Amino acid sequence: MNTTADAIIIGGGIIGASCAYHLSQRGLSVHIIERDFPASGTSRACDGLILQWDKLPGTELALGLASQQLWQELGSQFGAEIGFEQAGTIFIAEQADQLDAGSLKAYALRDAGQHAEVLTPRELRELEPELAPDLAGGVLFPDDLQVDPRRATLAMLAAAQRRGAQIHSEEPVLDLQRAPDGDQAITGVITPGGSIAAPHVICAAGVWSAEIAQLAGLNIPIQPRKGHILVSDIRPKKIHHPLLEGGYATTVQSAAEDVQVALVAEMTASGSLLLGSSREFAGFDRRVSLAVIQAIAQRAVRFLPGLKHSSVIRSYVGLRPWSPDHLPLIGPTSGALGFYLASGHEGAGIGLAPITGKLIADWITGAALPDYAHTLLPDRFESLLEDTTNVLV
Ligand SMILES: Cc1cc2nc3c(=O)[nH]c(=O)nc-3n(C[C@H](O)[C@H](O)[C@H](O)COP(=O)(O)OP(=O)(O)OC[C@H]3O[C@@H](n4cnc5c(N)ncnc54)[C@H](O)[C@@H]3O)c2cc1C
């Protein structure tokens, strides 16, 4: 496969797929290099919620809102093929102080042009009769979206392929090519099948991005943050919106070492419930833990008591690409010219995939960038230029 391209994307998850989609739309020739198969990493071991209320004001919310708009456009284009739905989400408050916190989020999002409705306990149960009767209330965020992450990844890759992009599956990137004069420029990738040269190499390798960046001489601080999901059997009774307990946003923003659990319940098209969610730093360990499963099940039964009559038919683990300041790394790097990062989205990579691909395409094609794009540059981490022999992964 010794060949050339305008851009090479390392990783065929949802972030790599979105980069491929946007770059090929702008007429660039693109090669996607995937170690296993498309959507074989975290993008098939996750939920598919596109939320705004878990975002902090500032760059994160601006990024979320821009991506929501792009998801709406993708939804119009792909619709049911990607499981697109504007299902909204409900923030569930167990106690009065959580309802206060949820109400503040509602007011802040209304200021940003979103819809949000604070719910009394009665209104909450009218919307979701299966919820426990003793809750303090909730907030309905009707603009939140839902997709099937695996199918969305495949649809964006297929759209890129129709514009000429080439996908290389079961083809791990083993090394990066450098300019012959010994400067810091990255000029391509080396795989078992040969080499591809390109002026732009984008690392979208999720939790494995630190390994790839190390090949470019960069020390990036992305770490895996493990999450469990349980799948219930098919249920006759439905929940009508994805439900998230009020403490969820706290677990997202916390960097605590111990296991954090907060209920996330999402109905799939088949009638199963996906129940999450846990967060812990456990390296690359993808084993399922019985203790964590039990903790998630207990939270689920606390909020949805009828679930005690359901069975869990499956459970799985995904690894979120965690970044220390809770923002992804998106854009070029000054330490390795031609090398870009599109990684570190933690638990928001599905939601933020479209804007990430667009920003990468903007950087590469020299298009106008929003102000917040500069906040996301990987160079904000001083560790980037440290000796890469100290990389912790
Ligand atoms: C339990 C859980 C629930 C979640 N729920 C949500 C949610 O509701 N909403 C949301 O927005 N986000 C959610 N997320 C987060 C989201 O899943 C991730 O942020 C997103 O999937 C990351 O996508 P990615 O493309 O960066 O990584 P990945 O999907 O992991 O893709 C990286 C790819 O790179 C490939 N790769 C690695 N090394 C190499 C190499 N050397 N050569 C070639 N290829 C390589 C891998 O095989 C992989 O396919 C959740 C995550 C978890 C774990």
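Where is Tyr21 found? Tyr21 sits in helix 1, and I'll come back to that residue in a minute. Before anything else, keep in mind that this is a predicted model.

Okay, the overall picture. The chain has 9 helices and 20 strands. Its radius of gyration is 21 Å, close to the 21 Å that the globule rule gives for 393 residues, so the chain is as compact as a globular protein of that length. If you lay the C-alpha trace along its principal axes, the span is about 70 × 40 × 40 Å. Of the 393 residues in the chain, 52% are buried. And if you take the contacts with a separation of 6 or more, 75% of them join residues 24 or more positions apart.

Now the domains. The domain assignment gives two pieces: domain 1, which is 3-46 + 150-221 + 325-390, and domain 2, which is 86-143 + 223-322. Taken over C-alpha atoms, the centres of domain 1 and domain 2 are separated by 31 Å. As for the contact, 13 residues come from domain 1 and 11 residues from domain 2. What is the side of domain 1 that touches domain 2 made of, by class? That side has 3 nonpolar, 9 polar and 1 charged residues.

Let's go inside. The largest nonpolar core has 115 residues, and those with the most contacts inside it are Ile8, Ile10, Ala20, Ile202 and Cys203. Which helix gives the most to this core? That would be helix 9, residues 349-365, with 8 residues. Domain 1 and domain 2 both give residues to this core, so it lies between them.

Cys203 is a nice one to click on. Leaving out residues up to four places away in sequence, Cys203 touches Ile10, Ser209, Ile212 and Ala213 among others. The list for Cys203 also includes the run Phe339, Tyr340, Leu341, Ala342 and Ser343, and strand 20 is 339-343.

Back to Tyr21, as promised. Is Tyr21 buried or exposed? It has 25 C-beta neighbours inside 10 Å, and 20 are enough to count, so Tyr21 is buried. Not counting residues up to four places away in sequence, Tyr21 touches Met156, Ala159, Ala160 and Gly357. Tyr21 and Ala155 are 134 residues apart along the chain, yet their C-alpha atoms are separated by 9.3 Å.

Next, the ligand. There are 41 residues around the ligand, and Gly13, Gly41, Gly206, Gly318 and Gly349 come nearest. Which elements give two or more residues to that shell? They are helix 1 (14-25), strand 14 (223-232), strand 17 (273-279), strand 18 (312-322) and helix 9. By class, the shell divides into 17 nonpolar, 19 polar and 5 charged residues. The shell also draws at least three residues from each of domain 1 and domain 2. So, helix 9 turns up twice: in the core and in the shell around the ligand.

A few backbone oddities to look at while you have the model open. The peptide bond from Gly276 to Ser277 is cis, with omega near 5°. Ser277 is in strand 17, one of the elements I just listed for the ligand shell.

Then there are two glutamates with a positive phi. Glu170 has a phi of about 50° although it is not a glycine, and Glu346 has one of about 45°, again without being a glycine. Where do they lie? Glu170 is in the loop between strand 9 (166-168) and strand 10 (175-178), while Glu346 is in the loop between strand 20 and helix 9. With 12 C-beta neighbours inside 10 Å, Glu170 counts as exposed. Glu346 is buried, with 21 other C-beta atoms within 10 Å.

Last stop, over in strand 5, residues 89-93, where you'll find Ala93. Ala93 is buried, with 25 other C-beta atoms within 10 Å. Setting aside neighbours within four places in sequence, Ala93 is in contact with Gln98, Leu99, Gly102, Leu135, Ala136, Gly137, Gly138 and Gly246. How far apart in space are Ala93 and Gly137, C-alpha to C-alpha? They are 5.4 Å apart, with their places 44 residues apart in sequence.

That's my tour, thanks.

Conventions:
Residues are numbered from 1 along each chain as its sequence is written. This is a predicted model: local features need pLDDT of at least 70, side-chain atom pairs count only at pLDDT 80 or more; totals for chains, interfaces and linings use all residues. A nonpolar core is a set of buried Ala, Val, Leu, Ile, Met, Phe, Trp, Tyr and Cys residues joined through C-beta atoms within 7 Å. Helices (H or I, at least four residues) and strands (E, at least two) are DSSP runs, numbered from the N terminus. Domain bounds come from an automatic or database domain assignment. Two residues are in contact if their C-beta atoms, placed from the backbone, lie within 7 Å. A residue is near a molecule or strand if its C-beta atom, placed from the backbone, lies within 6 Å of it. Ala, Val, Leu, Ile, Met, Phe, Trp, Tyr, Cys and Pro count as nonpolar, Asp, Glu, Lys and Arg as charged, and the others, Gly among them, as polar. The radius of gyration is taken over C-alpha atoms; the globule rule is 2.2 Å times the number of residues to the power 0.38.
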